[in-house]
Amino acid sequence: MSYSAPSLFILPDQASVCFANSSKKMEQTNRIIIGSTILTFSLISIFLNITVTVALLHNWSSFRRQPFIQFVLSMILAGTIYTSVNFFVSIPCSFNYCQYLKDDNLLIILSLPNTLSFFAYLLANFGFSIYRSCIVFDILRNHLRAVQIVTLYLPWILSIYTVVDTTSRGCIKRFNRWSIGYTYNCSSCNVWFGISFIDVNFYAGQVLPILMCIMYGLMILNIYWKKTHNDGRSKKFTAFDVKLAIQYLIVCSVQYLASFLFYIVPKVGNGSVLAVIAMNIIGVIDMGLNPLILLIFNSKVRFSTAVLFRFLPCVRVNQPKVANVTIFQRKSTY
């Protein structure tokens with residue numbers, strides 16, 4: 001079987017020629033396996049994100065006063081955008097070279113939301129960790145509302161600016177239909193004083209999740225320290241804060257792995273099927289992890305979601321424990 005794509009897909013623009021000449025081509029059987037895997041995980045991620053969003057909005061009267069939920073919706077929005085792009089780019093490009101994307105400008109436009117949502121999700125997580133740190137460590141107590149607004153909206157502003165600035169300078173992420181993966185290759189990424197944006201992006205993707213993991217680890221230690229020193233916090237409140245910190249410690253750890261694999265897998269995987277699958281689905285798993293963890297750990301979200309599916313005979317709608325509802329309704333805890 002020939003590894004070469006039909007000549008129809010070797011486009012005349014410089015980037016497409018660069019990709020076609022520098023990429024290891026895959027057999028069609030492997031492309032189907034890769035495309036099917038991306039499709040499966042993308043559907044699961046989209047289902048989780050949309051389901052939790054609908055559940056939150058359906059019971060909005062209970063959730064609207066909780067700052068935590070606003071951060072959740074911001075992260076879910078980023079995750080939904082990130083995963084949705086797969087249905088227009090990576091999945092059809094995996095199966096059949098996405099024949100409708102014959103114009104490089106169209107490929108760039110359709111790939112931009114992938115970059116934007118990745119940064120927005122990373123920075124939204126980082127913003128939430130700062131906000132939670134202010135609560136747990138009792139920092140800026142009188143300015144929590146301002147901290148919330150800044151950490152909630154600034155990530156999206158910075159993400160939009162970064163994408164617009166780097167793209168306008170010629171540092172463009174595209175989807176390589178031959179090697180099946182997003183890449184900054186075949187573009188010029190020395191954008192700031194001769195510094196490569198690829199390096200900046202790589203280290204930011206490593207450093208921020210590590211910082212978040214450290215912050216959540218310190219939160220857990222701080223909460224247990226307060227508990228042992230009897231500062232007046234209830235055991236239930238302490239357990240809630242620890243549970244929340246553990247949730248996002250898991251999210252940050254997977255986010256670190258996603259960023260790491262994006263750069264490392266192409267270098268060490270040598271274009272193998274498993275390497276390409278790992279590079280494409282780890283980000284999708286990361287984007288679906290937040291709603292999944294909410295469903296596992298948060299009884300209020302789990303109850304609101306179960307209400308949506310109460311028409312199914314296998315779904316039991318159990319009211320969350322009174323203690324959990326009381327904790328959830330404390331504005332200061334979220």
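Colleague: Which residues have the most contacts inside the largest nonpolar core?
Modeller: The model is a predicted one. Its largest nonpolar core has 56 residues. Those with the most contacts inside this core are Phe68, Phe128, Tyr216 and Tyr248.

Colleague: Which element gives the most to this core?
Modeller: The elements that give two or more residues to the core are H2 (28–58), H4 (67–84), H6 (104–136), H7 (144–168), H8 (197–228), H9 (235–268) and H10 (273–297). With twelve residues, the element that gives the most is H6.

Colleague: What is tyrosine 248 in contact with, leaving aside its neighbours within four places in sequence?
Modeller: Tyr248 is one of the residues with the most contacts inside the largest core, as are Phe68, Phe128 and Tyr216. Those three also appear among the contacts of tyrosine 248 itself. With neighbours within four places left out, the list is Phe68, Val72, Met75, Asn125, Phe128, Tyr216 and Asn290.

Colleague: How many residues are in the other core, the one with Phe175?
Modeller: This core lies apart from the one with 56 residues. Its members include Leu101, Leu107, Phe175 and Val276. The number of residues is 16.

Colleague: Is H4 roughly parallel or antiparallel to H6?
Modeller: The axes of H4 and H6 are 8 Å apart, and the packing angle is about 160°. Angles over 145 degrees count as roughly antiparallel. Therefore H4 is, relative to H6, roughly antiparallel.

Colleague: What is the handedness of the crossing where H4 passes H6, left-handed or right-handed?
Modeller: On the H4 side the contact is made by residues including Phe68, Phe71, Met75 and Tyr82. On the H6 side, Asn125, Phe128 and Tyr131 are among them. The crossing is left-handed.

Colleague: How many residues of the contact of H4 with H6 are charged?
Modeller: Nonpolar residues of this contact number 14, Pro67 and Ala124 being among the residues that make it. Six are polar. The number of charged residues is: no charged.

Colleague: Is leucine 140 buried, exposed or partly exposed?
Modeller: Leucine 140 lies in the loop between H6 and H7, and its phi is near 50°, a positive value in a residue other than glycine. Most residues other than glycine have a negative phi. The relative accessible area of leucine 140 is 44%. Buried means under 20% and exposed over 50%, so leucine 140 is partly exposed.

Colleague: What is the phi of cysteine 186?
Modeller: Cysteine 186 is in the loop between strands S2 (181–183) and S3 (190–192). Its relative accessible area is 25%, so cysteine 186 is partly exposed. Although cysteine 186 is not a glycine, its phi is positive, at about 65°.

Colleague: How many Å apart in space are asparagine 30 and valine 273, C-alpha to C-alpha?
Modeller: Asparagine 30 is found in H2 and is partly exposed, with a relative accessible area of 23%. Along the sequence, asparagine 30 and valine 273 are 243 residues apart. In space, C-alpha to C-alpha, they are 6.6 Å apart.

Colleague: Is isoleucine 220 buried or exposed?
Modeller: Isoleucine 220 has its place in H8 and touches Val242, Ala245 and Ile246, not counting residues up to four places away in sequence. Its C-alpha atom is separated by 9.1 Å from that of valine 136, 84 residues apart along the chain. The relative accessible area of isoleucine 220 is 14%. Under 20% means buried, so isoleucine 220 is buried.

Methods
Residues numbered from 1 in each chain as written. Predicted model: local features only at pLDDT ≥ 70, side-chain atom pairs only at ≥ 80, totals over all residues. Heavy atoms only, no water. Core = buried A, V, L, I, M, F, W, Y, C linked by side-chain atoms within 4.5 Å. Buried < 20%, exposed > 50% of the residue type's maximum accessible area, 1.4 Å probe, protein only. Helix = DSSP H or I, 4+ residues; strand = E, 2+ residues; numbered from the N terminus. Contact = heavy atoms within 4.5 Å. Axes fitted to C-alpha atoms, helices over the stretch in contact; angles between N-to-C directions. Parallel < 35°, antiparallel > 145°, perpendicular 65-115°, else oblique. Left-handed = near helix turned anticlockwise from the far one by under 90°. Nonpolar A, V, L, I, M, F, W, Y, C, P; charged D, E, K, R; others polar.
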